[in-house]
Amino acid sequence: MDKKEEIILSAIHFFSKKGFYSTSVQEIAEYCGISKATLYNFFDSKESLLIEVIDFSSKRLIQNTSVVDFDDSLTPKEKLIKKINIQFDVMMENKNFVRLMFKTIIPQNNPKTAHLDHKISVLLANWYKNAIYEAFGSKVEPYIWDYTFILQGMVKEYIFLSFKDETNIDFRKAVEFIVDQIEILVNHSEDKKPVLTTEHMKSYEISGSEQKIEPEVQMNQIIDEMKVKLSHAPISKASYAESLSVIEYLHEEVKQAEPKVFMFKSLLFYLDDIELLAYKVKRIRVMLKTTGIL
C-alpha cells in the first residue's frame, strides 16, 4: 500500500468517526507518520482530500463486486443479485462515511469538484447498465437505460430505508424482489417504446467504466484496508502486534500457489474476535468461497 492510499484510508476513518469539519489535516498526517507539509504534497487542501476519498470509495464500491464474475456456480440473474448485495455490505461496513457523503457539502469554488458528481453518477449508472446486460442478455438493448435507472432508483431507495436506524427491512429479500420486477419488465416490454435512448444518454455513454479486478488483487486490497482498520481498533499494543502478525500470515497465504484451507480458516477464526474487522473478514470469506478455496 502506498502512502497516498494510506492517507485516504485513514481519512475515511477519521471523517467517519469525527466528521469532516471536526477532523484536522494535522491528526491525519500524524496518524500516517508524516508531517502536515508532506500530506500537502499529495493533497493541496482538506477539501481535495475529501474529493479523492469520495472518488476512491466510489471506484472500490464497484470493484468489490467484480469477484462475482468468477463464480461459475451462479446464474446470470443470481450474479446480479449477489453484486447488489455485496455493494450494500460494503456501504453498511462504511455506514458513517456514506452518511457523511450525503451530508457534506464540498465547496464549489474548488475546481476539482466541477465534474465530481457527474463522474460518480456515470460510473454507477454504467455499472448497473453492464450488470443488467450480463444478467439478461442482448434483449435488453432497446431499453437498457430505462432499466438501468429503474433498477438503480429502486435499489437506492431501499438502501436509504436500510440506513435509517428505525427501519428494519430485509435488504436481501428486497433485492430479490427488485430483480424479479426487472425480469418481468425485460420479458414484457416488446410493445413499448423506450423513454431513454442512446441519443438522450450521450453524456453517460462510456466504455470500460467497470474495472474488473482479479480476486487475488482484491484480496490484497482488503488486507491493506484491514491493516488500517486494525490500527484504529481499541486493543492493547500486544493484541495489536499479534493481530497484525495474523493478518501478515493471511497475506502470505494468499500469495501461495496452493493455499491451505485450514490456514485460512484458522487465521480468519482468530480475526473474528476483532469487531472492527468483521465486515472485512466476511468479505474475505465470500471471496474464498467464490473462488473455490473454501
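Select K82 and D71 first: their side chains meet in a salt bridge, 3.8 Å from N to O. You are looking at a predicted model. The pair ties together distant parts of the chain. K82 sits in helix α5, and D71 sits in the loop between α4 and α5. The two are 11 residues apart.

Now color the pair by accessibility. K82 has 25% relative accessibility, so K82 counts as partly exposed. D71 has 8%, so D71 counts as buried.

**Next stop: K83 and D69**

Move one residue along and select K83 with D69. Their side chains also form a salt bridge, at 2.9 Å from N to O. This pair, too, links distant parts of the chain, with K83 in α5 (residues 76-93) and D69 in the loop between α4 (46-63) and α5. They are 14 residues apart.

Is K83 buried or exposed? K83 counts as buried because its relative accessibility is 1%, and the cut-off for buried is under 20%.

Add E134 to the selection. D69, K83 and E134 are linked in a network of salt bridges. The structure holds 16 salt bridges.

**Helix α5 as a whole**

Show all of α5. The helix has 18 residues. From first C-alpha to last, α5 reaches 26 Å, close to the 26 Å expected at 1.5 Å a residue. α5 is mostly covered, with 14 of its 18 residues buried.

Bring in helix α8, residues 144-163. The axes of α5 and α8 come within 12 Å and cross at roughly 35°. The crossing is right-handed.

Which residues make the contact? Show these side chains:

- From α5: L80, I84, F88, M91 and M92.
- From α8: L151, V155, I159, S162 and F163.

**The largest nonpolar core**

Keep I84 and L151 on screen. Both are among the residues with the most contacts inside the largest nonpolar core. F136, L271 and I284 complete that list. The core has 59 residues. Its largest share, nine residues, comes from helix α7, residues 116-136.

Center on I284. Leaving out residues up to four places away in sequence, I284 touches M219, I222, I223, M226, L250 and L268. Apart from this core lies another, of 25 residues. Select L9, I28, V53 and F56, which are among its members.

**Along helix α7**

Go to α7 and check its length. At 1.5 Å a residue, the 21 residues of α7 should span 30 Å, and its end C-alpha atoms are 30 Å apart, so expectation and model agree. Step past the end of the helix. Just after α7, G137 takes a positive phi of about 80°.

**Helix α13**

Jump to V286 in helix α13, residues 278-290. With a relative accessible area of 26%, V286 is partly exposed. Add I86 and draw a distance between the C-alpha atoms. V286 and I86 are 9.4 Å apart in space, yet 200 residues apart in sequence.

**Helix α1**

Go to the start of the chain and select K3 and E6. Their side chains meet in a salt bridge, 3.0 Å from N to O. Both lie in helix α1, residues 3-18. They are three residues apart, about one turn of the helix. K3 counts as partly exposed, because its relative accessibility is 29%.

Now pick E5, also found in α1. At 17% relative accessibility, E5 counts as buried. What does E5 touch, not counting residues up to four places away in sequence? Its contacts are F56 and R60. F56 appeared earlier, among the members of the 25-residue core.

**Zoom out**

Show the whole chain as a cartoon. The chain has 13 helices and zero strands. From the N terminus on, every element in the run is α. Color by burial, and buried residues make up 48% of the 294 residues.

Finish with the contacts. Consider those between residues at least 6 apart in sequence: 72% of them join residues at least 24 apart. V286 and I86, 200 residues apart in sequence, are worth another look here for their separation of 9.4 Å, C-alpha to C-alpha.

Technical notes. Residues are numbered from 1 along each chain as its sequence is written. This is a predicted model: local features need pLDDT of at least 70, side-chain atom pairs count only at pLDDT 80 or more; totals for chains, interfaces and linings use all residues. Side-chain values use heavy atoms; hydrogens and water are left out. A nonpolar core is a set of buried Ala, Val, Leu, Ile, Met, Phe, Trp, Tyr and Cys residues joined through side-chain atoms within 4.5 Å. Buried means under 20% relative accessible area, exposed over 50%, partly exposed in between (1.4 Å probe, protein chains only). Helices (H or I, at least four residues) and strands (E, at least two) are DSSP runs, numbered from the N terminus. Contact means heavy atoms within 4.5 Å. The expected span of a helix is 1.5 Å times one less than its number of residues. A salt bridge is a side-chain nitrogen of Lys or Arg within 4 Å of a carboxyl oxygen of Asp or Glu. Axes are lines fitted to C-alpha atoms, for helices over the stretch in contact, and angles run from 0 to 180 degrees between N-to-C directions. A crossing is left-handed if the near helix is turned anticlockwise from the far one by less than a right angle, and right-handed if clockwise.
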